[in-house]
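The following exercises concern one protein structure and are each followed by a worked solution. Please study the sequence and the structure before beginning.

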Amino acid sequence: MFKRLTDASRPKVTVTINGAPVEVPAGESVAAALIVHGERACRTTAVSASARGPYCMMGVCHDCLVRIDGVPNRQGCRVIVADGMEITHQSGARELKP
Amino acid sequence: MTGRTECAVIGAGPAGLAAAMTVAESGVDVTVIDSAPEPGGQIYKAVGRSPLPDTSALGPDYALGRKLVAAFQESGIRHIGATDVWMITDDRKIALLRNDQASFLQAERIIIATGAQERPVPFEGWTLPGVMNAGAGQILVKSSGVVPSEGVVLAGLGPLVLLVAWQYIRLGVEVRAVLDLTPAANYLRAAPHLPAALLAGNYLAKGLRMQWDLRRARVPIHTGVRLIRALGTDAIEAVEFVTWGRTRRIETPVLMTHFGVIPETAMTRAVGIRHDWDASQQCWRPKADIWGNTEINGVLVAGDARGIFGAKSAEWSGRLAGLEVARSLGRLSREERDAKGAPTQKAMTRDHRVRPFLERLYAVPDHWWKDVPDAAAVCRCEEVTAGDVRAAMRAGAVGPNQVKAFTRAGMGPCQGRQCGATVASMAAQETGRPIGEIDLPRSRFPLKPIDLGTLAALELPAAELSGEASADQAPGMDVGGSKPQRALLEDAE
Ligand SMILES: Cc1cc2nc3c(=O)[nH]c(=O)nc-3n(C[C@H](O)[C@H](O)[C@H](O)COP(=O)(O)OP(=O)(O)OC[C@H]3O[C@@H](n4cnc5c(N)ncnc54)[C@H](O)[C@@H]3O)c2cc1C
Ligand code: FES
């Protein structure tokens, strides 16, 4: 659904997305890395468990919440990827903060 | 560094950068803070380190930003990037959050230049993955060089719809269609303001040029579009819409919408500045004089955060706020401020001439708020639908704050940034009252959910920060220079 137009020579870091190792250009946001990797949704909602993905990319909507290195409710569009980072979907009511 | 600065500028867009450089010209110590890692703001995001091999596809306006950002970088002004401001106390301590580390910066003057956000207009399916703001598409391309790979439909009203479509075709992205939701009646209302708009600069020529390029690239541009719906189950599969009486459907994995921009007022509301509804811009704006002074002593506003006037005027209003800070700190006399500010004010007045035309052409018609289907989510966070909001209003809720109490709309992590204006607009429609009489949605610090552990490290009285009972105004807290603060400022230098 999304692709990178960046040149391949840019420095990369390796993260895992739902367990699978993925190479991502350094400096990219977690949300951008997710959608390029084909993950359109990054979480399900607390009330109806419907799928949500990044919507505003500027920190306003909080629809890009993911679990990063075990910590839930991180805004994927505001966190920059780092080597060894573990990114996973977060699901439903259990994890969403009141 | 002691964690003090004479002037803190929040936001490193054109307004913040111009403000900071102006303040620094008079020898004032200034610190710029921004959530983004690099200076530039929304329009010039990442202009100094674009991931794209060639940025010319983004157009000449983007290239202009390189000069501004380079001048800022050469000025040596302290820039604290990748840092959120989440609170401002009564005595002008600014609470920062960077890498989950909270710290404080004490400022004598604060210029809030936090820009705009895209206006939320709910429609059926707007919460499906694959539906995004057009501005989000721009952020993806500017920050990460990321674009849709299997086609995109752009829909809405406002200059950004065309701009993003135009940037995409120049980058080789398949634009399946542009859905222009500008109502025909808007053209009639805008027409009388056309002559003035033509005097403001080449804004309209740019728009025509983009349309021409899109048509030449055989991008279907549908006009008179109404009632868009995003269809799909786990993600968008198609967009359906009505155009000239016919319902049409276009398959697409990505839909980007845009309905104009409104000031990001979460911060200006939370510090306690009064806001007025601007009927022409269709948004709340913080009350400020021409220099950006607000009712809160020592706190100024500049750029899109004080009203939507575009990037050039943002820069100029930043400059005016910078001059005023220099004056109020005794570095410029009133006469010097006025003399330096005169050409800027003149340029701004000329630039503003395009606004009455644009504001009418791209106005969201009142009936749109009635047209929002009952099933559509209004509050994306708490999944409160338009039907829920209407039911709350029938039960007596008269504005966003009561609707929030009835339905939880606005209680989620975005703190009403996505639903506050919608609920107010719906309330105006539902109750027949002018929107200026509807309560402004309350905004409270902290501006983003803060971990209790992070607060504990600051020794903040966390109780004061949570719960409905706390005042709109930030509690004045005496927090000394803590460890994280020094760490932050050392590595920022
Ligand atoms: C998504 C988006 C895309 C846009 N693209 C264009 C475009 O391509 N062309 C155009 O002419 N206009 C565009 N605009 C309009 C644009 O806002 C103005 O033209 C111009 O950027 C306004 O400048 P500014 O300095 O007032 O604000 P901005 O440029 O928006 O800068 C505000 C800055 O404040 C920072 N900020 C906000 N809140 C906080 C906080 N709590 N803590 C720390 N930092 C914070 C933000 O990170 C941002 O960098 C866009 C607007 C949006 C919302
Ligand atoms: S996409 Fe909206 S907050 Fe991240």
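**Exercise 1. Determine how far apart the centres of domain 2 and domain 3 of chain B lie, and state how chain B is divided.**

Solution. Step one: taken over C-alpha atoms, the centres of domain 2 and domain 3 of chain B are separated by 27 Å. Step two: chain B is divided into domain 1 (2–118 + 262–332), domain 2 (131–259) and domain 3 (367–437); these bounds come from an automatic or database domain assignment.

Conventions for all exercises are as follows. Residues are numbered from 1 along each chain as its sequence is written, while chains are lettered from A and ligands numbered from 1 in the order in which they are written. The model is predicted, so local features need pLDDT of at least 70 and side-chain atom pairs count only at pLDDT 80 or more, whereas totals for chains, interfaces and linings use all residues, and side-chain values use heavy atoms, with hydrogens and water left out.

**Exercise 2. Describe the surroundings of ligand 1.**

Solution. Step one, the position: ligand 1 lies between chains A and B. Domain 1 and domain 2 of chain B both give residues to the shell around ligand 1, so the ligand lies between these domains.

Step two, the shell: there are 30 residues around ligand 1, and B:A15, B:D34, B:V85, B:Q138 and B:D304 come nearest. A residue is near a molecule if one of its heavy atoms lies within 4 Å of it. The shell divides into 13 nonpolar, 12 polar and five charged residues. In this division, Ala, Val, Leu, Ile, Met, Phe, Trp, Tyr, Cys and Pro count as nonpolar, Asp, Glu, Lys and Arg as charged, and the others, Gly among them, as polar.

Step three, individual atoms: a nitrogen atom of ligand 1 is 2.7 Å from an N or O atom in the side chain of B:Q138. For B:S35, a polar side-chain atom lies 3.1 Å from a nitrogen atom of the ligand. For B:K142, a polar side-chain atom lies 3.4 Å from an oxygen atom of ligand 1.

Step four, the cover: ligand 1 taken alone exposes 970 Å², and the protein buries 89% of that. Such accessible areas come from the Shrake-Rupley method with a 1.4 Å probe.

Step five, the elements: those of chain B that give two or more residues to the shell include α1 (14–25), β4 (84–88) and α3 (134–144). Helices (H or I, at least four residues) and strands (E, at least two) are DSSP runs, numbered from the N terminus.

**Exercise 3. Classify the pairs A:Y55 with B:W126 and B:F259 with B:W368.**

Solution. Step one: the structure holds three aromatic pairs over all chains. Rings of Phe, Tyr and Trp (its six-membered ring) pair if their centres lie within 6.5 Å; planes under 30 degrees apart count as stacked, over 60 as edge-to-face and the rest as tilted.

Step two: the ring centres of A:Y55 and B:W126 are 5.8 Å apart and the planes stand at 90°, so this pair is edge-to-face. The pair crosses between chains, from the loop between β5 (51–52) and β6 (65–68) of chain A to the loop between β7 and β8 (131–133) of chain B. A:Y55 is buried at 3% relative accessible area, and B:W126 is buried at 1%. Buried means under 20% relative accessible area, exposed over 50%, and partly exposed in between (1.4 Å probe, protein chains only).

Step three: B:F259 and B:W368 have ring centres 5.9 Å apart and planes at 90°, so they too form an edge-to-face pair. B:F259 lies in the loop between β16 (255–258) and β17 (261–263) and B:W368 in helix α12 (residues 367–371), so the pair ties together parts that are 109 residues apart in sequence. Both B:F259 and B:W368 are buried.

**Exercise 4. Examine the backbone at B:R92, B:L227 and B:P446.**

Solution. Step one, the background: most residues other than glycine have a negative phi, and most peptide bonds are trans.

Step two: B:R92, although not a glycine, has a positive phi of about 65°, and this residue lies in the loop between β4 and β5 (93–98) of chain B. B:L227 has a positive phi near 50°; B:L227 lies in strand β13 (residues 225–231) and is partly exposed at 39% relative accessibility.

Step three: a cis peptide bond, with omega about -5°, joins B:F445 and B:P446.

Note on methods. A polar contact is a pair of N or O atoms within 3.5 Å; within protein, one must be able to donate a hydrogen and the other to accept it, and residues adjacent in sequence count only if both atoms are side-chain atoms.
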